[in-house]
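Student: I have a new structure to read. Can you take me through it feature by feature?

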Amino acid sequence: LSFYHSRFDATTGSTISTLLGSRFLENKFNSITYKKDSADSGDDGEYSCSMAINYSNRNLTSSKSDPVLLAALPAPTISVAPDLITPGRNFTITCTVPDEYANSTLNVYHSYDARTGKTITTLVGSVFLENKFNSIVYRKDEADTSDSGEYTCRMAINYYNHNLMSPKSDPIDVNVETFPVRLRLGLSYYYQTCAGRLEVFVRHSWGTVCENSDWLLGRSTADVVCKQLGCGQAAYLLSARNSSIAGNGPIALGQVNCSGSERYLRECNIGALQPSCSHSQDVGVICTGFPPAPEIFQSGYSFQQSGLIQRSSVKIECTLRASLLESTEVLLALQVASSSSEIISKTTRLGETVSFLLEDYTGPKDLVCAARLEVFGEIFSSTSKKLSITVPSTEITTKITTVKYVGVIAVIIVIVIAVLISGLLYCCYRAKKKNTQTITNTTGQMNTAFQQTTEC
């Protein structure tokens, strides 16, 4: 068994641990005692022990016991204001000691989780208190998320050249809230949509928002929510009193009021955190960006060596992808883009793809897919982007055929002309050869040969 003494070092902000003693226990013993005579301020701190056993030539060591704290000074108290802190705003931390310990030094520490997973503690302030003061205030201007974490205080007094340290105060949790928002439909989906119950991330968890007098009378707060989500503006305001949007779990906020000019919910006037209202007062919103546009795909055309040809049928596919309830049905219709007249329609569920088969398709050339669904008793619709289809016409096919035939005839004519010219040249060559032979034999036959050449 081994004894350890841990003492806080105010200058470095770290804890120093030292081994006080170690003893081997024989079979009849199961404990050891550490005794310190003439204790002084240097003996303040935490005491703990641990056990080690040699098993098969291996040293096995237990974790340390829960510490016992020895301190001559009481722990100071700590508080933070305001309760709600958002980026860019100021906050203050106040540390207070009892009046009888006025001639003391108060230290403020900030502990936060580094990206490595370790907790880092830093000394952010230290002030010596004279007789008439018993508290210090740490002020942080223009806070950001790096200021989040735990803050504690500790008191130190120099007593007869010994530094006496108090225990740390109870930690106070400071959260610089950015207030991410989401809209949810149902209890099983966690994906962001542009419609549903309003939820805000506060104090490390998602929670709903309570209804207040402004929610159903004005839409400025709902407009800010839709704007933050990139969903346009508020189209419909929802309340758990008249729609099925009630949630479960924590309730994050109450009394949220915006002017409408804010870019984020955190810039609005926010009331109580984690209020005592019930989920029957949950609120929601349907933004103009709901529902999203369906997707439209086309197949049924191909290219061959002879040119663009038309198949006997065209297959068009439509899908509406939205994070809603699994049972939500949607009507998908194939329409003419120019007139919005319906060609064919089918009912399916969200996220599922429907296929429209158009037999002997000849037009129109521009199509859209229109979606229609019902949520909270309201009908919503959206239209896909235009799908342009290239349809080869009869006129184009006729021109291709005509050009092909004209080309064949031209080739034949060229061949015939070439044959005739070749025959004529051959005839002239034969006649010239014969004329040369006649001149060589007799002079009297020259006129006859010349005549034959002329005839040629």
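Tutor: Two strands pair if DSSP finds at least two bridges between them. Keep in mind that this is a predicted model.

Student: Which residue stands opposite Leu-253 in E19?

Tutor: Val-209 does. Strand E19 covers residues 251-253 and runs parallel to E17, and two bridges join them.

Student: In what sense do strand E16 and strand E17 pair?

Tutor: They are antiparallel. Four bridges link E16, residues 195-202, to E17, residues 205-209. One contact to look for is Val-200, whose bridge partner in E17 is Gly-207.

Student: How many residues lie between E16 and E17 in the hairpin?

Tutor: Two. Check Arg-203 in that turn: its phi is positive, about 55°.

Student: How should I think about side chains along a strand?

Tutor: In a regular strand they alternate between the two faces of the sheet.

Student: Now the rings. How many aromatic pairs does the structure hold?

Tutor: Six. Planes over 60 degrees apart count as edge-to-face. Phe-91 and Tyr-151 make such a pair, with 70° between the planes and 6.2 Å centre to centre.

Student: Why does that pair tie together parts that are 60 residues apart in sequence?

Tutor: Because Phe-91 lies in strand E8, residues 91-96, while Tyr-151 lies in strand E12, residues 149-159.

Student: Is Phe-91 buried or exposed?

Tutor: Buried means under 20% relative accessible area. Phe-91 has 1%, so it is buried. Tyr-151 counts as buried too, at 1% relative accessibility. Add Tyr-138, and Phe-91, Tyr-138 and Tyr-151 form one aromatic cluster.

Student: Which ring does the charged end of Arg-182 sit over?

Tutor: The ring of Trp-206, 4.2 Å from its centre. Trp-206 falls within E17, residues 205-209. Look also at Arg-266: its charged end sits over the ring of Tyr-264, 4.5 Å from the centre.

Student: Last, pockets. What volume does the largest pocket have?

Tutor: About 280 Å³. Its lining has 13 residues, and the closest to the centre are Leu-1, Phe-24, Met-51, Ala-52 and Ile-53.

Student: Which strand gives the most to the lining of the largest pocket?

Tutor: E4, with three residues. Strand E1 (2-9) and strand E4 (52-55) each supply at least two.

Student: What classes of residue make up the lining of the largest pocket?

Tutor: Seven are nonpolar, five polar and one charged.

Key:
Residues are numbered from 1 along each chain as its sequence is written. This is a predicted model: local features need pLDDT of at least 70, side-chain atom pairs count only at pLDDT 80 or more; totals for chains, interfaces and linings use all residues. Side-chain values use heavy atoms; hydrogens and water are left out. Rings of Phe, Tyr and Trp (its six-membered ring) pair if their centres lie within 6.5 Å; planes under 30 degrees apart count as stacked, over 60 as edge-to-face and the rest as tilted. Buried means under 20% relative accessible area, exposed over 50%, partly exposed in between (1.4 Å probe, protein chains only). A charge sits over a ring if NZ of Lys or CZ of Arg is within 6 Å of the ring centre and within 35 degrees of the ring normal. On a 1 Å grid over the protein atoms alone, a cavity is a set of points where a 1.4 Å probe fits but cannot get out, and a pocket is an open set with protein on both sides within 12 Å along at least five of seven lines; lining residues have an atom within 4 Å of a point. Grid points are joined across faces, edges and corners, and a volume is the space filled by probe spheres set on the points. Ala, Val, Leu, Ile, Met, Phe, Trp, Tyr, Cys and Pro count as nonpolar, Asp, Glu, Lys and Arg as charged, and the others, Gly among them, as polar.
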